[in-house]
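This report is a short introduction for a reader who has not met the structure before. Please look over the sequence and the model first.

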Amino acid sequence: MSMYYIIDMSRDLGRAYITLWRPDDAGYCWPLTWAGLYSKETVEEDSRYYFEREGRKIARFPVRADLVAKIAVAPIPGTIDGDAGPVIMNTTKNRRYLVRNRLHHEVVG
């Protein structure tokens, strides 16, 4: 069964890393090791919660964990407690990759 990270780009303006959701919808983080893994059934069951738009921008959405891992890198030293990682750098290339590889579903909001 594929597992998904919840990507939340609504919080990334001016930040070095793409924001992920922690396990059980309990806050935000940058390191993949701190992020929650969500099943397809979970995110599709409550699509209004896990998929969100801000105007024309897709702001929150799930992406398969294996696809996220492909672009993850070590954090910039000293920017995260214990230099925990890996993280996803907040670049145009990475944002486009994530949007392109999101779980496709009707995005509401």
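The text below describes the nonpolar cores and then three charged residues of this predicted model.

**Nonpolar cores**

The largest nonpolar core has 18 residues. Tyr5, Ile7, Leu20, Val68, Ile88 and Leu98 are the members that touch the most other members. Two or more residues of this core come from each of β1 (3-8), β6 (57-64), α3 (65-69) and α4. A second core, separate from this one, is made of 8 residues, among them Tyr4, Tyr38, Tyr50 and Leu103.

Ile88 shows what surrounds one of the core residues. With neighbours up to four places away in sequence set aside, Ile88 is in contact with Ile7, Ala16, Tyr17, Ile18, Leu20, Leu32, Val68, Ile71, Asn94 and Leu98.

**Three charged residues**

The table gives the accessibility of Asp8, Arg95 and Arg102.

| Residue | Relative accessible area | Class |
|---|---|---|
| Asp8 | 1% | buried |
| Arg95 | 28% | partly exposed |
| Arg102 | 17% | buried |

Asp8 belongs to strand β1. Asp8 counts as buried because its relative accessible area is 1%, and the limit for this class is under 20%. The Asp8 side chain makes a polar contact of 2.5 Å with the side chain of Ser10. Apart from neighbours within four places in sequence, the residues in contact with Asp8 are Thr19, Trp21, Tyr28, Ala59 and Arg60.

Arg102 is located in the segment that comes after α4. With a relative accessible area of 17%, Arg102 is also classed as buried. A polar atom of the Arg102 side chain lies 2.7 Å from the backbone oxygen of Val99. When neighbours within four places in sequence are left out, Arg102 has contacts with Ile58, Phe61, Pro62 and Val63.

Is Arg95 buried, exposed or partly exposed? Arg95 is partly exposed, since its relative accessible area is 28%, and this class lies between the limits of 20% and 50%. Arg95 sits in helix α4, which covers residues 92-100. Beyond residues up to four places away in sequence, Arg95 touches Met9, Ile18 and Asn90. Arg95 and Ile7 are 88 residues apart along the chain, and their C-alpha atoms are separated by 9.7 Å.

**Shared elements**

Two of the elements described above appear in both parts of this report. Strand β1 holds Asp8, and helix α4 holds Arg95; β1 and α4 are also among the elements that give two or more residues to the largest core.

How values were computed
Residues are numbered from 1 along each chain as its sequence is written. This is a predicted model: local features need pLDDT of at least 70, side-chain atom pairs count only at pLDDT 80 or more; totals for chains, interfaces and linings use all residues. Side-chain values use heavy atoms; hydrogens and water are left out. Helices (H or I, at least four residues) and strands (E, at least two) are DSSP runs, numbered from the N terminus. Buried means under 20% relative accessible area, exposed over 50%, partly exposed in between (1.4 Å probe, protein chains only). Contact means heavy atoms within 4.5 Å. A nonpolar core is a set of buried Ala, Val, Leu, Ile, Met, Phe, Trp, Tyr and Cys residues joined through side-chain atoms within 4.5 Å. A polar contact is a pair of N or O atoms within 3.5 Å; within protein, one must be able to donate a hydrogen and the other to accept it, and residues adjacent in sequence count only if both atoms are side-chain atoms.
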